[in-house]
Amino acid sequence: AAFTSYVIRREGVTAGLLITFPWDPVQPGKEGIYLLEVDPRFQGQGLGRALLAAALADLAERGRSACEVLTIPELSPAALHLYQGFGFREACRWAIL
């Protein structure tokens, strides 16, 4: 299976991008978020929230049973807040050396 991209364009440029990938066959039905990025010029406009909502709706429609993402709260508290707002919960902590 391949990566799936979700894109928001504004003013002729890619303003936001979210990419998912399947965990099959390691964990059938699970999807991972590879990247969620919003151009700094468009941050604060809800584009990250819109991308995540669209991706999760699409994954559910395609029968994907779970989705996970690696984020480091100390480096991106805004990302952690966004994911938690969609019901994601912390599964483990990673050490940064």
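**View 1. Ring pairs link Phe-3, Phe-21, Trp-23 and Tyr-34 into a cluster in this predicted model.** Welcome to the aromatic corner of the prediction. The count of aromatic pairs comes to four. One of them joins Phe-3 and Phe-21, whose ring centres are 5.9 Å apart with 40° between the planes, a tilted arrangement. Because Phe-3 belongs to the segment before strand 1 while Phe-21 sits in strand 2, this pair ties together parts that are 18 residues apart in sequence. Phe-21 also pairs with Trp-23: the centres lie 5.4 Å apart and the planes meet at 50°, so this pair is tilted. As for exposure, Phe-3 has a relative accessible area of 51% and is exposed, whereas Trp-23, at 27%, is partly exposed.

**View 2. Four strands make up an open sheet with mixed pairing.** If you trace the sheet from one edge across, the order is 1-2-3-4. Strand 1 (4–10) and strand 4 (66–69) are the edge strands; each has a single partner strand, so one side of each is left without a neighbour in the sheet. On average, and with direction ignored, neighbouring strands are turned by 25° against each other. Helix 1 (residues 47–61) packs on this sheet and touches strand 1, strand 2, strand 3 (30–38) and strand 4. The direction of helix 1 makes about 145° with that of strand 1.

**View 3. A closer look at the strand pairings shows both antiparallel and parallel neighbours.** A reminder before zooming in: strands of a sheet pair through backbone hydrogen bonds, either parallel or antiparallel. Strand 1 and strand 2 (residues 13–22) run antiparallel and are joined by seven bridges. Across this pairing, Arg-9 stands opposite Thr-14 of strand 2. Strand 2 and strand 3 also run antiparallel, again with seven bridges between them. Here you can pick out Leu-18, whose bridge partner in strand 3 is Leu-36. Strand 3 and strand 4, in turn, pair in the parallel sense over four bridges. A handy marker for this pairing is Lys-30, which has Ala-66 in strand 4 as its bridge partner.

**View 4. The largest nonpolar core has 17 residues.** Those with the most contacts inside this core are Tyr-6, Leu-18, Ile-33, Leu-47, Leu-52 and Tyr-83. Strand 1, strand 2, strand 3, helix 1 and helix 2 (77–85) each give two or more residues to the core. Helix 1 supplies the largest share, with five residues. Tyr-6 is a friendly place to start exploring. Leaving aside neighbours within four places in sequence, Tyr-6 is in contact with Gly-16, Leu-17, Leu-18 and Thr-20, among others. Its contacts also include Leu-51, Ala-54, Ala-55, Asp-58, Leu-59 and Arg-62.

**View 5. Asp-39 sits in the loop between strand 3 and helix 1.** With a relative accessibility of 18%, Asp-39 falls under the 20% cut-off and therefore counts as buried. The side chain of Asp-39 makes a polar contact of 2.7 Å with the side chain of Arg-41. Beyond neighbours within four places in sequence, Asp-39 is in contact with Thr-14 and Ala-15. You have already met Thr-14 in View 3, where this strand 2 residue stands opposite Arg-9.

Conventions
Residues numbered from 1 in each chain as written. Predicted model: local features only at pLDDT ≥ 70, side-chain atom pairs only at ≥ 80, totals over all residues. Heavy atoms only, no water. Pairing = 2+ DSSP bridges. Axes fitted to C-alpha atoms, helices over the stretch in contact; angles between N-to-C directions. Contact = heavy atoms within 4.5 Å. Phe/Tyr/Trp six-rings, centres within 6.5 Å; stacked < 30°, edge-to-face > 60°. Buried < 20%, exposed > 50% of the residue type's maximum accessible area, 1.4 Å probe, protein only. Polar contact = N/O pair within 3.5 Å; in protein donor to acceptor, adjacent residues only side chain to side chain. Core = buried A, V, L, I, M, F, W, Y, C linked by side-chain atoms within 4.5 Å.
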